[in-house]
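Visitor: Please take me closely through one part of this model, namely its aromatic rings and their surroundings.

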Amino acid sequence: MKKTIIISIILISVIAAICFCNIQGCWDVLREKRDIYVGFNYENDLPVIAAAKSPTNVFDIDDVTIDFYYGIARDIYEDHAALCTYLCMRTSDIQHFVEDYRSDFEETSLLDVKTRDEFLNGPFDVKIEWKALLGEPHYFRFKNTLTIPKEMLSEEETTIYFAVVLFREIDKENFDNSLHQIDLEKMNYMIDDSVFIKLNCKKIDENTVKVSAERRRY
């Protein structure tokens with residue numbers, strides 16, 4: 001009888017150890033995020049939405065390719081408005097006031113510009129619902145499949161931003177310049193809203209980069 005009990009205890013211990021290892025292995029897989037999927041759920045009711053997706057978060061350094069999605073989640077009434085996308089190293093590189101929304105900024109690449117008619121009426125790339133909590137549904141309408149230039153990944157760790165910026169024309173008659181002190185004769189547009197997909201890029205070795213992503217406001 002005692003021998004049977006001892007054998008039973010040993011068997012139970014072995015089975016418990018195997019189960020623990022399997023559970024621990026599954027937990028490690030769950031903890032280790034294997035893809036990029038950020039920005040597709042509700043954040044707040046500001047007008048610009050942006051998201052990023054990739055089936056993997058580990059890339060060959062020559063092919064760090066990620067799908068970015070963006071759109072408008074609010075009615076825009078200003079006729080002279082534009083939705084611009086950029087790739088930049090710092091959010092501060094994009095100036096709040098500009099002469100023209102196609103302006104060049106330091107260490108910033110302008111990727112695309114959508115006029116008000118284009119971002120409201122198309123032609124559109126995709127139709128992916130933005131998971132808002134309340135109200136009418138809104139959609140990601142534009143997609144940019146972007147390969148990060150290898151030259152931007154020269155450091156062991158690099159932060160890169162995919163920026164989506166909504167510019168609107170300054171109402172100069174009603175603009176309170178005491179708050180900003182800008183030259184209204186030169187500046188014609190200001191940022192109405194912006195959102196950034198922040199990419200944290202870390203080299204695993206000389207040929208491999210691991211990327212994590214998060215959504216940030218300006």
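Guide: A residue counts as buried under 20% relative accessible area, as exposed over 50%, and as partly exposed in between (1.4 Å probe, protein chains only). The model is predicted, with local features requiring pLDDT of at least 70 and side-chain atom pairs pLDDT 80 or more, whereas totals for chains, interfaces and linings use all residues. Residues are numbered from 1 along each chain as its sequence is written, and side-chain values use heavy atoms, without hydrogens or water.

The account starts with Phe40, which is buried at a relative accessibility of 5%. Eleven aromatic pairs are found in the whole structure (Phe, Tyr or six-membered Trp rings with centres within 6.5 Å; stacked under 30 degrees between planes, edge-to-face over 60, tilted otherwise). One of these eleven joins Phe40 to Tyr37 in a stacked arrangement, with 4.6 Å from centre to centre and 25° between the planes. Tyr37 itself is partly exposed, its relative accessible area being 47%, whereas Phe40 counts as buried. Phe40 also pairs with Phe140, here edge-to-face, at a centre-to-centre distance of 5.4 Å and a plane angle of 65°. This second pair connects distant parts of the chain, since its members are 100 residues apart: Phe40 belongs to the loop between β1 (36–38) and β2 (48–54), and Phe140 to strand β9. Helices (H or I, at least four residues) and strands (E, at least two) are DSSP runs numbered from the N terminus. Phe140 counts as buried because its relative accessibility is 0%.

Residues next to Phe140 in the sequence lead to the largest pocket (on a 1 Å grid over the protein atoms alone, an open set of points for a 1.4 Å probe, with protein on both sides within 12 Å along at least five of seven lines; lining residues have an atom within 4 Å of a point). Its lining comprises Ile72, Ala73, Arg74, Asp75, Phe119, Leu120, Phe124, Pro137, His138, Tyr139 and Arg141. Two elements, α2 (116–121) and β9 (138–140), each give two or more residues to that lining.

Two residues of the lining, Tyr139 and Phe124, also carry a charged group over the ring (NZ of Lys or CZ of Arg within 6 Å of the ring centre and within 35 degrees of the ring normal). Over the ring of Tyr139 sits the charged end of Lys127, 4.8 Å from the ring centre. The face of Phe124 is covered by Arg141, at 4.7 Å from the centre of that ring. Arg141, like Phe124, is among the residues that line the pocket.

Just before Phe124 the backbone has a particular feature. Gly122 and Pro123 are joined by a cis peptide bond, with omega about 10°. Pro123 is located in the loop between α2 and β8 (128–130). Most peptide bonds are trans.

Phe124 also belongs to a cluster, linked by ring pairs, that takes in Phe68, Tyr70, Phe142 and Phe162 as well. Among these, Phe142 is part of strand β10 (residues 142–147), whose side chains alternate. Phe142, Asn144 and Leu146 are buried and point to one face; Lys143, Thr145 and Thr147 point to the other and are not buried. In a regular strand such alternation between the two faces of the sheet is the rule.

The strands of this region can now be followed outward (two strands pair if DSSP finds at least two bridges between them). Strand β4 (residues 65–72) is antiparallel to β10 and joined to β10 by six bridges. Within this pairing Thr65 faces Thr147 of β10. Strand β11 (157–169) is antiparallel to β5 (residues 81–88), with eight bridges between the two. Cys84 has Val165 of β11 as its bridge partner. β11 is further joined to β12 by 13 bridges, again antiparallel, and there Val165 stands opposite Ser194.

One more aromatic residue deserves attention. Phe59 lies in strand β3 (residues 58–60) and counts as buried because its relative accessible area is 6%. Although Phe59 and Lys210 are 151 residues apart along the chain, their C-alpha atoms are separated by 6.3 Å.

Two backbone details in loops complete the view. Glu107, in the loop between β6 (97–98) and β7 (108–115), has a positive phi of about 55° without being a glycine. Gln181, in the loop between β11 and β12 (189–205), likewise has a positive phi, near 55°. Glu107 is partly exposed at 46% relative accessibility, and Gln181 is exposed at 61%.
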